[in-house]
Amino acid sequence: MTTYKNNLLRSARAFSLALLLGTAPMAWADNNPQFSVRHLASEQNLIAVQDAAKYLLLPVQDNAPEAKVYLIGSDNHYIREGINVRLARERVDYYVPLDLSAAVDGDITVEVQGLPADALCWKKMKLSDTFDTKNREKFRPLYHHTPVYGWMNDPNGMFYLDGTWHLYFQHNPYGSTWGNMTWGHSTSTDLVHWTYQGTPILPDALGTIFSGSAVVDTDNTAGFGAGAVVAFYTSAKPSPWGDSQSQSLAYSTDGGRTFTKYADNPILTSQKRDFRDPKVFWYAPGRHWVMILAAGQEMEIYSSRNLKEWKYESSFGRNQGAHGGVWECPDLFELPVEGTREKRWVLICNINPGGPFGGNAAQYFVGTFNGKKFTNESPTRTKWMDWGKDHYATVTFSNAPDGRVIALGWMSNWQYQGVLPTLQYRGANTIARDLSLYRQDGELLLRCAPSPEMEAARADTRNFPSFRVSDSYEIPSLLEDNTGAYEIELELKNSGSERIILTLSNAKGEKVHLHYDVARHQFVMERSESGLTDFSPEFPAMTVAPAADTDHIRLRLFVDRSSIEAFGDGGKFVMTNCVFPSEPYNTLTFETWRGSFSVKTMKVHRIR
């Protein structure tokens with residue numbers, strides 16, 4: 001141990017607690033004799049920890065300025081550099097754990113820059129061998145994936161292997177605002193219930209860890225071992241001269257639990273500033289790998305035989321689709337066309353901003369792909385994958401069984417994600433959706449159907465007899481012991497109604513209006529009275545989707561505490577919107593504007 005650190009520890013032991021708190025620029029934190037704090041000039045601070053526990057629990061104030069946290073080893077070298085944490089100044093909103101496992105003989109130093117000596121944080125931080133992740137959020141979904149704590153945005157690196165679905169995600173484990181981008185990891189055996197597995201890919205000297213993908217290298221093309229999981233991600237490096245983005249690789253030989261970073265990273269570089277989100281897949285006809293990634297407002301396509309060396313093949317995007325914002329998070333896959341022996345390729349392009357109702361959205365293109373170049377069959381038309389405000393960064397699982405193509409999206413919008421009314425966590429994923437193509441009016445369109453696993457998640461069902469609506473009809477109790485997590489299945493038959501109106505509401509008068517505009521062949525969701533909405537002027541919104549059939553209507557609504565996903569006609573249109581009611585919606589009201597309609601079948605399923 002160096003003289004510098006020995007002196008710091010001796011100083012900490014020398015003063016009494018009263019003297020430290022009253023007269024010296026050093027203080028014990030939370031009355032804990034295992035660590036002490038010395039405040040230096042210019043809001044720089046040193047925390048000397050003795051006999052370190054597993055974690056130093058850091059108190060966070062969500063709206064505070066960021067401080068920088070460093071871990072210093074016994075030789076005064078940085079072990080972990082530059083973690084941005086909004087440490088508490090006037091109040092504590094929640095805690096996040098700082099891992100101290102790098103301590104030598106139980107001793108370690110934590111440096112904090114950018115935090116004044118009178119901040120509340122110094123009195124509230126504490127050492128602990130555990131971190132309490134008990135849910136404290138009333139809006140946390142019950143059957144959608146969320147991070148146990150901290151921020152989450154894009155889903156990353158999703159794959160299936162040996163009965164387990166793996167979901168990685170853009171994660172900040174040091175707060176519920178964006179930053180410190182790391183890959184978090186969750187697993188599931190049913191695509192509905194998820195278990196958090198930690199943060200297997202951390203920032204390094206090349207930068208923070210942005211979005212990407214993962215493949216199972218069955219034939220050992222990369223040389224890391226047959227069946228190795230190979231992950232591709234963007235290394236994002238900030239600097240005073242401007243940010244840079246390059247593509248890196250990590251591999252796992254234990255099924256995706258832990259990863260080793262490739263020694264020759266980065267594997268692909270560019271002078272373009274926006275150069276990110278690599279999606280990699282195997283192209284069987286050419287027996288090579290393909291990478292598609294976002295480069296400004298285009299997608300670039302590369303090929304490789306060994307996953308390490310990549311050759312540029314083509315670009316796609318000029319004069320194609322919507323260009324209201326940056327292109328991100330691409331995907332490219334082949335799908336069958338329903339009712340035929342045909343197949344087509346689908347290119348997903350997430351865009352922010354530029355969505356049809358403000359902020360982000362996912363557009364797609366249908367066409368052909370020869371292993372090197374994608375050609376769009378409908379270059380003059382923009383197609384949207386979801387017609388809500390809260391569906392973005394949608395990508396598919398690699399290695400899915402039975403030829404399935406299964407997508408998962410981030411259920412939020414960059415317009416207001418940072419101010420959503422949750423604190424312990426921010427961010428959720430959509431339910432899983434099985435994809436296929438269908439032809440309508442000569443155009444190939446994408447069907448996004450709820451994955452069959454959602455039916456297996458039903459706990460019990462309430463069946464309603466058929467009834468006719470010529471004015472209004474109210475069902476005041478959808479489920480007993482309503483937790484706000486359920487699915488509604490409806491089949492409606494129109495009899496001349498010009499507008500079919502459904503309203504979900506609660507006893508507080510909060511409501512979400514959903515209706516079919518028959519004349520315009522549209523489905524509409526309006527959430528301005530849905531509950532908490534005043535945290536952002538962009539949140540109250542009306543979203544509109546095309547609905548081809550407004551006479552014989554099939555609709556599935558997935559309601560889960562803070563979201564509603566509407567699937568019409570087996571997924572021919574989808575609309576995803578977040579809501580924040582003060583209590584669950586427990587009443588469903590049917591109304592008609594002129595004419596009448598019949599509710600042929602109605603089922604409400606509790607989802608466990």
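Strands are DSSP runs of at least two residues, numbered from the N terminus. With that in hand, welcome to this predicted model.

## The chain as a whole

The chain holds 4 helices and 44 strands. Its radius of gyration is 26 Å, close to the 25 Å that the globule rule gives for 608 residues, so the chain is as compact as a globular protein of that length. If you drew a box along the principal axes, the C-alpha atoms would fill roughly 85 × 60 × 40 Å. Of the 608 residues, 59% are buried.

## A positive patch on the surface

A good place to start looking is Arg 305, found in the loop between strand E20 (298–304) and strand E21 (311–316). Is Arg 305 buried or exposed? Its relative accessible area is 57%, and the cut-off for exposed is over 50%, so Arg 305 counts as exposed. Arg 305 also has company: together with Arg 287, Lys 311 and Lys 372, Arg 305 belongs to a patch of positive charge on the surface.

## Salt bridges across the chain

How many salt bridges does a search of the whole structure find? The search gives 32. Three of these pairs are set out here.

| Pair | Closest N and O atoms | Separation in sequence |
|---|---|---|
| Glu 300 and Lys 272 | 2.7 Å | 28 residues |
| Arg 447 and Glu 338 | 2.7 Å | 109 residues |
| Asp 517 and Arg 499 | 3.9 Å | 18 residues |

Let us take the pairs in turn. The side chains of Glu 300 and Lys 272 meet in a salt bridge, with 2.7 Å from N to O. Glu 300 sits in strand E20, while Lys 272 sits in the loop between strand E17 (260–261) and strand E18 (275–283), so the salt bridge ties together parts that are 28 residues apart in sequence. With a relative accessible area of 7%, Glu 300 is buried, whereas Lys 272, at 36%, counts as partly exposed.

Next comes the salt bridge between Arg 447 and Glu 338. This pair links distant parts of the chain, with Arg 447 in strand E31 (residues 443–450) and Glu 338 in the loop between strand E22 (326–336) and strand E23 (343–352). Which side of the pair is buried, and which is partly exposed? Arg 447 counts as buried at 15% relative accessibility, and Glu 338 counts as partly exposed at 35%.

In the third pair, Asp 517 and Arg 499 form a salt bridge whose closest N and O atoms are 3.9 Å apart. Here both partners come from strands: Asp 517 lies in strand E37 (residues 511–517) and Arg 499 in strand E36 (residues 499–505), so the pair ties together parts that are 18 residues apart in sequence. Asp 517 is buried, with a relative accessible area of 7%, while Arg 499 is partly exposed at 31% relative accessibility.

Salt bridges can also share partners, and in this way Asp 274, Arg 276, Asp 277 and Glu 328 are joined into one network.

## A stop at Lys 138

One last residue to find is Lys 138, in the loop between strand E9 (126–128) and strand E10 (150–161). Lys 138 has a relative accessible area of 48%, and is partly exposed. How far apart in space are Lys 138 and Trp 122? From C-alpha to C-alpha the two are 29 Å apart, with their positions 16 residues apart in sequence given as the separation.

Technical notes. Residues are numbered from 1 along each chain as its sequence is written. This is a predicted model: local features need pLDDT of at least 70, side-chain atom pairs count only at pLDDT 80 or more; totals for chains, interfaces and linings use all residues. Side-chain values use heavy atoms; hydrogens and water are left out. Patches are made of residues with over 30% relative accessible area and no salt bridge: like charges are joined within 9 Å, nonpolar side chains (Val, Leu, Ile, Met, Phe, Trp, Tyr) within 5 Å. Accessible areas come from the Shrake-Rupley method with a 1.4 Å probe; for residues, only the protein chains shown count as cover. A salt bridge is a side-chain nitrogen of Lys or Arg within 4 Å of a carboxyl oxygen of Asp or Glu. Lys and Arg count as positive and Asp and Glu as negative; His and the chain ends are not counted. The place of a charge is taken as NZ of Lys, CZ of Arg, CG of Asp or CD of Glu. Buried means under 20% relative accessible area, exposed over 50%, partly exposed in between (1.4 Å probe, protein chains only). The radius of gyration is taken over C-alpha atoms; the globule rule is 2.2 Å times the number of residues to the power 0.38.
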